[in-house]
Amino acid sequence: WVLMQHNARDGAPKLVERCGYPLTAPGSVSRIYTDLGVFAVQDGGFRVIDLAEGFTLEQVQARTGARLHV
């Protein structure tokens with residue numbers, strides 16, 4: 001599991017379709033907890049488990065660099 005901010009300081013999304021840097025442990029993360037919600041890593045994408053109170057799926061999707069699945 002990983003706990004992190006959903007976006008970088010400059011607003012860039014941290015949840016993206018493809019990493020731009022070498023991975024040290026691919027496939028080792030199954031769940032991500034951010035300030036905007038909880039996401040399962042499945043089939044190369046992100047499934048929404050729960051959203052933070054006050055946020056809609058559309059708002060979180062707009063701040064995410066990959067398609068979210070419900």
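Q: What makes β3 and β4 a hairpin, and which residue in the turn has a positive phi?
A: β3 and β4 form a hairpin with 2 residues between them, and Asp43 in the turn has a positive phi of about 50°. This is a predicted model, in which local features need pLDDT of at least 70 and side-chain atom pairs count only at pLDDT 80 or more, while totals for chains, interfaces and linings use all residues. Residues are numbered from 1 along each chain as its sequence is written, and side-chain values use heavy atoms, with hydrogens and water left out.

Q: Why do β3 and β4 count as paired strands?
A: Strands are DSSP runs (E, at least two residues), numbered from the N terminus. Two strands pair if DSSP finds at least two bridges between them; 6 bridges join β3 (residues 37–42) to β4, which run antiparallel, so the pair meets the definition. Phe39 has Val48 in β4 as its bridge partner.

Q: How do you know that β4 and β5 pair as well, and in which sense?
A: β4 (residues 45–51) and β5 share 2 bridges in the parallel sense, and at least two are required, so the criterion is met. Arg47 stands opposite His69 in β5.

Q: Why is one side of β1 and of β5 left without a neighbour in the sheet?
A: The 5 strands form an open sheet in the order β1-β2-β3-β4-β5, with mixed pairing. β1 (2–3) and β5 (68–69) stand at the edges, each with a single partner strand, so one side of each has no neighbour in the sheet.

Terms used. Helices (H or I, at least four residues) and strands (E, at least two) are DSSP runs, numbered from the N terminus.
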